[in-house]
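This report covers the pockets, cavities and aromatic contacts of one protein model. Please read it alongside the coordinates.

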Amino acid sequence: MYSEVVSFIQKTFGTTDFLPLHEPRFVGNEKKYVADAIDSTFVSSVGAYVNRFEEDFSVATQQKYTVATVNGTAALHIAMLLVAVEKDTEVLTQALTFVATCNAISYIGAIPHFVDVSKDTLGMCPEKLEVYLAEIAEIRNEGCYNKHTGRRISACVPMHTFGHIGDIERIVSICDAYQIPVVEDAAEALGSYKNGKHAGSFGKVAAFSFNGNKIITSGGGGAITTANETLAKRAKHLTTTAKIPHKYKYEHDSIGYNYRMPNLNAALLVAQLEQLPLFLEKKRALAQRYANFFENNSLTFITEPKNATSNYWLMALLLENESERDAFLEYTNEHNVMTRPIWQLMNRLSMFSDCPSAPLPNSEFLEARVVNIPSSVIL
Ligand SMILES: *Cc1c(COP(=O)(O)O)cnc(C)c1O
């Protein structure tokens, strides 16, 4: 049966050569804009393409402000500083996420606190979040506290897994009731919508990534988006070494970061963003083909949640159990078709194993069964 899957995937992509999970496509103005950036000599943290990218990205994501960064992890780091995540506070997030979410929390000296995800959306589960907060949280003058640890709960960071947006509205309204700011880890969700609203426009701040394996890429890159002008200005300031703008003087008013996206990367990214509508269309077509194929198959193709339009960044299957999963991974990888299990839960990694956690039955269920299959845009 796995041989049918392998031959379907090879037929779909038109090759029996090695098939990676996600390859970038450079079929537009990439070379032209990069050459232009080189000719301009503005290849570093100042230049027309960075500014142009920020404007274009705000339009693409229906958000007021964008600040471009060197990568998605840096965007998350700054996003959390913007909502006042501090050392020794707790940040609620998923155990089922890419490690960057928890790394960024840890850069501040804050502590990830894991909550479960929903099986249908692979995203944070609002019902479980609500029950859990009722049990552990207490609102004091200075904000929301974990009664059991005495630490402030400074933020909640839901992540849109593989570009699927779960019940983010409900998560935001629960967090509002507890005065917990929401930072969306939208690294995987450019081009994804929930009830017609783009990923990243639900929380106070959001972070995106343009790493080489994401839906569009600048080689390395990221973005912070927000509707709040004060936060946007602070993001720009913090990502540009906290330098007070001046023609020639060096004056810095806080510890800043060298996190601004170089113009050279932005040139590539402006061209990639022009391709986004095409990429989204092709990905949806591929998702549809997978969905049709797996309908008559014992493996389940994971489709977009209710009221959501997913970018189908990485396509995924749900297998029967862990041994099925291992057999599938073994067979496909042996036959030149790259597949990979979803991330190990964060609470299993040594550096996060002592972090506080709610029970995680759904995360554990998915961890043992979800695999990614080749998802590149087919032109
Ligand atoms: C890719 C990714 C990031 C980090 O992005 P980088 O640009 O690689 O630093 C953060 N969170 C999630 C969920 C991601 O998938």
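A cavity here is a set of grid points where a 1.4 Å probe fits but cannot get out, and its volume is the space filled by probe spheres set on those points. The model is predicted.

**Cavities**

By this rule there are 2 cavities of 30 Å³ or more. The second largest cavity holds about 30 Å³ of space. Its lining consists of His22, Glu23, Pro24, Arg25, Lys214, Ile215, Thr217, Gln272, Phe279 and Val377. At least three of the lining residues come from domain 1 (2-23 + 276-344 + 368-373), and at least three from domain 2 (30-275).

The largest cavity has a volume of about 40 Å³. Around the largest cavity are Gln94, Gly123, Met124, Pro158, Met159, His160, Gly166, Asp167, Ile168 and Ile171.

**Pockets**

The largest pocket has a volume of about 380 Å³. Its lining is made up of 14 residues, and those nearest the centre are Ser45, Val46, Lys236, Thr240 and Arg260. Helix 8 (residues 229-239) contributes the most to this lining, with 4 residues.

For the second largest pocket, the volume is about 330 Å³. Its lining counts 22 residues, with Phe98, Ala100, Ser209, Asn211 and Lys214 closest to the centre. Two or more residues come from each of helix 4 (72-82), helix 5 (99-107) and strand 10 (205-209). Helix 4 gives the most, with 3 residues. Where does the second largest pocket lie relative to domain 1 and domain 2? Both domain 1 (2-23 + 276-344 + 368-373) and domain 2 (30-275) supply lining residues, so this pocket lies between them. Lys214 is among the residues closest to the centre of the second largest pocket, and Lys214 also lines the second largest cavity.

The table sets out the linings by residue class.

| Site | Nonpolar | Polar | Charged |
|---|---|---|---|
| Largest pocket | 2 residues | 8 residues | 4 residues |
| Second largest pocket | 9 residues | 9 residues | 4 residues |
| Largest cavity | 5 residues | 4 residues | 1 residue |
| Second largest cavity | 4 residues | 3 residues | 3 residues |

**Aromatic contacts**

The structure holds 16 aromatic pairs. In one of them, Tyr290 and Phe301, the ring centres are 5.6 Å apart and the planes meet at 35 degrees, so the pair is tilted. This pair links distant parts of the chain, with Tyr290 in helix 9 (residues 263-295) and Phe301 in strand 12 (residues 300-301), 11 residues apart. Are these two residues buried or exposed? Tyr290 has a relative accessible area of 0% and is buried. Phe301, at 8% relative accessibility, also counts as buried, because the cut-off for buried is under 20%.

Phe301 pairs with Phe294 as well: the ring centres are 6.5 Å apart and the planes lie at 5 degrees, so this pair is stacked. Phe294 and Phe301 are both buried. One aromatic cluster is formed by Phe8, Tyr290, Phe293, Phe294, Phe301 and Tyr312.

Charged side chains also sit over rings. Arg140 lies over the face of Tyr145, at 4.2 Å from the ring centre. Over the ring of Phe365 sits the charged end of Arg369, 3.9 Å from the centre.

**A buried histidine**

His113 belongs to strand 3 (residues 111-115). With 1% relative accessibility, His113 counts as buried. The C-alpha atoms of His113 and Pro20 are separated by 33 Å, and the two residues are 93 apart along the chain.

Conventions:
Residues are numbered from 1 along each chain as its sequence is written. This is a predicted model: local features need pLDDT of at least 70, side-chain atom pairs count only at pLDDT 80 or more; totals for chains, interfaces and linings use all residues. Side-chain values use heavy atoms; hydrogens and water are left out. Rings of Phe, Tyr and Trp (its six-membered ring) pair if their centres lie within 6.5 Å; planes under 30 degrees apart count as stacked, over 60 as edge-to-face and the rest as tilted. Buried means under 20% relative accessible area, exposed over 50%, partly exposed in between (1.4 Å probe, protein chains only). A charge sits over a ring if NZ of Lys or CZ of Arg is within 6 Å of the ring centre and within 35 degrees of the ring normal. On a 1 Å grid over the protein atoms alone, a cavity is a set of points where a 1.4 Å probe fits but cannot get out, and a pocket is an open set with protein on both sides within 12 Å along at least five of seven lines; lining residues have an atom within 4 Å of a point. Ala, Val, Leu, Ile, Met, Phe, Trp, Tyr, Cys and Pro count as nonpolar, Asp, Glu, Lys and Arg as charged, and the others, Gly among them, as polar. Domain bounds come from an automatic or database domain assignment.
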